[in-house]
Structures are given as structure tokens and as C-alpha cells.
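User: I'm new to this structure and would love a close look at one part of it, the central sheet and what surrounds it. Could you walk me through it in a friendly way, starting with the chain as a whole?

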Amino acid sequence: MTTSASLPTESAPSEAGTVIDRLVEANQRYAESFTDPGMDARPVLQVAVVACMDARIDLHAALGLQLGDCHTIRNAGGVVTDDTIRSLTISQRALGTRSVILIHHTGCGLESLTEDFRHELEDEVGQRPSWAVEAFRDVDQDVRQSMQRVRTSPFLRHTDDVRGFVFDVTTGLLREIDPAS
């Protein structure tokens, strides 16, 4: 599979520079034809999407979203952490979102990690990370845990429309997770 930011196949340094150089150049081309869409930061659909950062997931395309429709919060695994709650709280209280959709996916890298990752980092750099890896073995159960964290957060005003899904990276389909199972 080739993407616009793919690295050259040869091992010699590219005349085009680093990947970041290429991204900045792409931004220059983008800005040449950019026009201010006149939107504010409030999502039109009043929804926040929490999803894994996996590069295989094109959230806007997968959900039929357009620019301005939603807030997108992505992290490793799409798990609901304290920082996710922070972002959702700002999204709801300051910017008017009312619904939360959580999206994990098949073949997630967090299924193969453990908290030993933190110990390895500590051994390597001499300092233990203050954050948890949030690794999991059962993606469905982790979606349930994430839904529960959102629904029970005292900081969130709107917890009645929270739904969780697993995105299949081979078919592109979402499978809804029953929070009670």
C-alpha cells in the first residue's frame, strides 16, 4: 500500500528531505488553495469520537464525517484515560458535545503489550513513566471498561449517549459492544 507520505524504497537519503519536511511542503500546497470555512470549534453533530491512533483507521471516512462534524480524540488503544476525560470534559462543557462514540479495533498493538513495557522503559532511561500502558487482552472488555469510565466520570455532563464499537481493520465494519455483556 502506498500513501502520499510513504518513504522512498531506496535506503539513501531522499532529496525531498525528511518525512516532516515533506509534510510541511504538503501543507504549503494545501494552504495555497485554502479558504476559511467560517466554522467555530463547536462540532456540528455535537459528538466526540474517541479512537485508537492506529494509522489504518480513517475515522472521518469510516463514519461518513466531514470537517467540523465532530471532535476527535485519539490515543494508543483508544482507551479512556484521565487525559481522555480531560478532553471530553472540555468538549462537552466548553464546546457543546453531547454524544460520545468509542472505537477500538481488531489487531491492536496494545493486545501484545504488558505493563512490563513501563519496566523496560525505566531500565532504559532511569525513570519510570507516570502513565499506565493500558494494555489489554480482550478488546470487547476494554471497550466496556472505557464506556464505564465515561459513564461514571463526575466531570462529564452528558453520559446517556455513550456507545462503544470495535472497528475491523480488514473489513472496515464497526461491531457494537453491549456494555452489559
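Analyst: Happy to. Let's begin on the outside: the chain exposes about 11600 Å², and carbon and sulfur atoms supply 52% of that area. Please keep in mind that this is a predicted model. Along the principal axes, the C-alpha atoms fill a box of roughly 55 × 50 × 35 Å. Of the 181 residues in the chain, 33% count as buried. Among contacts with a separation of 6 or more, 61% are between residues 24 or more positions apart.

Now for the elements. The chain has five helices and five strands, and reading along the sequence gives the pattern α-β-α-β-α-β-α-α-β-β.

The five strands form an open sheet with mixed pairing, in the order β2-β1-β3-β4-β5. At its edges are β2 (70-75) and β5 (174-177), each of which pairs on one side only. On average, neighbouring strands of this sheet are turned by 25° against each other, direction ignored.

Let's zoom in on β1, which spans residues 47-52. In the strand order, β1 sits between β2 and β3. With β2, the pairing is parallel and runs over six bridges; one example is C52, whose bridge partner in β2 is N75. On the other side, β1 also runs parallel to β3 (residues 99-105), and five bridges join the two. Among the residues involved, V47 has S99 as its bridge partner in β3, while V49 is matched with I101. How many of the six residues of β1 are buried? Six of the six are, so β1 is largely enclosed by the rest of the structure. As a general point, side chains in a regular strand alternate between the two faces of the sheet.

C52 deserves a closer look, since you may wonder about a disulfide. The closest cysteine sulfur to that of C52 belongs to C108, but at 4.2 Å it is too far for a bond, because a disulfide needs the two sulfur atoms within 2.5 Å. C108 is likewise in no disulfide, as its nearest cysteine sulfur is that of C52. By this rule the count comes to zero disulfides. Both cysteines are tucked away from the surface: C52 has 4% relative accessibility and counts as buried, and C108 is buried too, with a relative accessible area of 7%.

Next come two helices that meet the sheet. Helix α3 (residues 82-95) lies across β1, β2 and β3, and runs at about 170° to β2.

The other helix is α5 (residues 139-151), and its length is easy to check: at 1.5 Å a residue, its 13 residues should span 18 Å, and its end C-alpha atoms are 18 Å apart, which agrees. Which residues of α5 are buried? They are V139, D140, D142, V143, R144, S146, M147 and V150. In general, an α-helix has 3.6 residues a turn, so residues three or four places apart point the same way. What covers the buried residues of α5 includes the strands β3, β4 (162-167) and β5, along with helix α3.

To draw the picture together, β1 is the strand with parallel partners β2 and β3, α3 lies across those three strands, and α3 is also among the elements that cover the buried residues of α5.

Notes. Residues numbered from 1 in each chain as written. Predicted model: local features only at pLDDT ≥ 70, side-chain atom pairs only at ≥ 80, totals over all residues. Heavy atoms only, no water. Buried < 20%, exposed > 50% of the residue type's maximum accessible area, 1.4 Å probe, protein only. Pairing = 2+ DSSP bridges. Helix = DSSP H or I, 4+ residues; strand = E, 2+ residues; numbered from the N terminus. Axes fitted to C-alpha atoms, helices over the stretch in contact; angles between N-to-C directions. Contact = heavy atoms within 4.5 Å. Areas by Shrake-Rupley, 256 points an atom, 1.4 Å probe, with all protein chains shown as cover. Expected span 1.5 Å × (residues − 1).
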